[in-house]
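Here is a friendly walk through the fold you are about to see. Keep the viewer open and follow along.

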Amino acid sequence: MASQAPSALVLGIESSCDEMAAAVVREGREICSSVVSSQVEVHSPYGGVVPELASRDHARVVSQVAEQALDEAGVKLSDLAGIAVTAGPGLVGSLLVGLSFAKALAYRAELPLVAVHHLAGHLAAAELSEPTLIAPYMGLVVSGGHTALYRVEEEGPPRLLGETRDDAVGEAFDKVAKLLGLGFPGGPAVSAAAQSGNPTAVDFPRPMSRKAGLDFSFSGLKTAVALEVQRRGGQEALGESGIADVAASFEAAAVDSLVVRSRRALKSENLDRLAVVGGVAANRVLRERLEDEGRKLQFEVIFPPPSLCTDNAVMIAAAGSRALARGERDGWSVSAFSRVPVGETPWRGGAE
Ligand code: KG4
Ligand code: ZN
């Protein structure tokens, strides 16, 4: 397939977890529209994402979300150069809703379809928000499902340097929110409660930070928070200020682990740019700590704006736009995958 300049309009569709999103991006960089339909109200009563409910709600809203994205961009289907859609990793039921819709739309409008890796999308958000960010650079992906460090290269897939051995950092935030009765989604709730707390009130473990290497671990930290809450007589006995102290101390420990590993990775790879992406990149303390470290150790930190950190379709359209420009296409047999290493395209096996 001949390669084309990424000059055209691409519709992105993202439905890997509990957000149904659609966006139109021009030239892989300019955001023409971005619609995100959140399911907070659907999952709130359960304190976490219920996969079956997520896919049902996606099926309910997918066409109206896509239509709104086209309307807000002032674009017709026939103006598009292609459709990009997340094929994994994520919840398979949720992914299939976006994928099936994108396939049907692409088929009807006779448009090329390209499947995008969710984490490649998160990394593309950093490049979109900071045009001077050119590979090679370090990518720290911190979300509800992933915690990993990648060396992003100009050519070829990002190289995995380290990842969590158990829970993702966002998952730890969500579980701690539940332990402290702070509601769902947990990350922003813990962060808000932590603002009035003392981050040195409890000396929580900094998981793996004394061990060599670039892997992370957050399940021990989560257990330490559970034990602390129990030791102090539970949520109610803690009271507002106790909850704030535990939240702030947990946040400080989680952020410390991310900072230590990022610093180590930059040094070992001899890089001076760090892009932080994924939902937890919206965290204020993480932003401040990494910016501070960057000033001290002379590395540049790039954070997309919070709306591009959490799941969105702009990042999928941006990554898809580049893939289309490289001549990548997927066939109608493309399917969803729950676990996929970055750079692999198992969905392409059945491409026509
Ligand atoms: O990238 P994302 O929207 O979805 C996944 O791909 O997982 O990330 C969602 C995660 C959730 O665990 C959420 O609690 C966390 O990001 N999160 C935060 C903040 N905002 C979202 N964690 C800490 N501080 C925040 N401000
Ligand atoms: Zn994500």
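## Two sheets and a metal site

In strand 8, Ala148 finds its bridge partner in Glu163. Before going further, please keep in mind that this is a predicted model. The pairing belongs to strand 7 (residues 147–152) and strand 8, which run in the antiparallel sense over 4 bridges.

These strands sit in an open sheet of 5 strands with the order 8-7-6-9-10 and mixed pairing. Its edges are strand 8 (159–163) and strand 10 (300–302), each of which pairs on one side only. On average, and with direction ignored, neighbouring strands of this sheet are turned by 20 degrees against each other. Helix 4 lies across strand 6, strand 7, strand 9 and strand 10, and runs at about 125 degrees to strand 6.

Now for the other sheet. An open sheet of 5 strands has the order 3-2-1-4-5, again with mixed pairing. Here the edge strands, pairing on one side only, are strand 3 (30–38) and strand 5 (113–117). From one strand to the next, the twist averages 20 degrees. Inside this sheet, strand 1 (residues 9–14) and strand 4 (residues 80–88) pair in the parallel sense over 5 bridges, and Val10 stands opposite Gly82 in strand 4.

Helix 2 (residues 51–73) packs on the sheet and touches strand 1, strand 2 (19–26), strand 3 and strand 4. The direction of helix 2 makes about 20 degrees with that of strand 2. Helix 4 turns up here too: it lies across strand 1, strand 2, strand 3, strand 4 and strand 5, at about 90 degrees to strand 5.

Helix 4 also leads us to the metal. Which residues hold the zinc ion (ligand 2)? The protein donors are His118 (NE2), His122 (NE2) and Asp311 (OD), lying 2.1 Å from the ion. Along the sequence, the donor residues are spaced H-x3-H-x188-D. His122 lies in helix 4 (residues 118–129), while Asp311 is in the loop between helix 10 (306–309) and helix 11 (314–325), so the pair ties together parts that are 189 residues apart in sequence. Both of these donors count as buried: His122 has a relative accessible area of 0%, and Asp311 has 15%.

Next, the interior. The largest nonpolar core has 48 residues, and those that touch the most other members are Val142, Phe204, Phe250, Leu274, Val276 and Leu290. Elements giving two or more residues to this core include strand 6 (137–142), helix 7 (219–231), strand 9 (273–277) and helix 9 (284–297). The largest share, 13 residues, comes from helix 8. A second, separate core of 34 residues includes Leu11, Ala69, Val85 and Val97.

Leu274 is a good residue to click on. Not counting residues up to four places away in sequence, Leu274 touches Met138, Leu140, Ser262, Leu266, Leu290, Phe299, Glu300, Val301 and Ile302.

Aromatic rings are worth a look as well. A search of the whole structure finds 4 aromatic pairs. The ring centres of Tyr107 and Trp332 are 5.5 Å apart and their planes stand at 80 degrees, so this pair is edge-to-face. Tyr107 lies in helix 3 (residues 92–109) and Trp332 in the segment after helix 11, so the pair ties together parts 225 residues apart in sequence.

What of His43, buried or exposed? At 0% relative accessibility, His43 counts as buried. This residue is in helix 1 (residues 40–43). Leaving aside neighbours within four places in sequence, His43 is in contact with Asp18, Gly48, Val49, Val50, Leu53, Ala54 and Phe184. His43 and Ala54 are 11 residues apart in sequence and 8.1 Å apart in space, C-alpha to C-alpha.

Gln68 lies in helix 2. The C-alpha atoms of Gln68 and Glu240, 172 residues apart along the chain, are separated by 41 Å.

The table collects accessibility for some of the residues in this tour.

| Residue | Relative accessible area | Class |
|---|---|---|
| His122 | 0% | buried |
| Asp311 | 15% | buried |
| Trp332 | 34% | partly exposed |
| Gln68 | 36% | partly exposed |
| Tyr107 | 59% | exposed |

Terms used:
Residues numbered from 1 in each chain as written. Chains lettered and ligands numbered in written order. Predicted model: local features only at pLDDT ≥ 70, side-chain atom pairs only at ≥ 80, totals over all residues. Heavy atoms only, no water. Donors = N, O, S within 2.8 Å, 3.2 Å for Na, K, Ca; no water. Buried < 20%, exposed > 50% of the residue type's maximum accessible area, 1.4 Å probe, protein only. Pairing = 2+ DSSP bridges. Axes fitted to C-alpha atoms, helices over the stretch in contact; angles between N-to-C directions. Contact = heavy atoms within 4.5 Å. Core = buried A, V, L, I, M, F, W, Y, C linked by side-chain atoms within 4.5 Å. Phe/Tyr/Trp six-rings, centres within 6.5 Å; stacked < 30°, edge-to-face > 60°.
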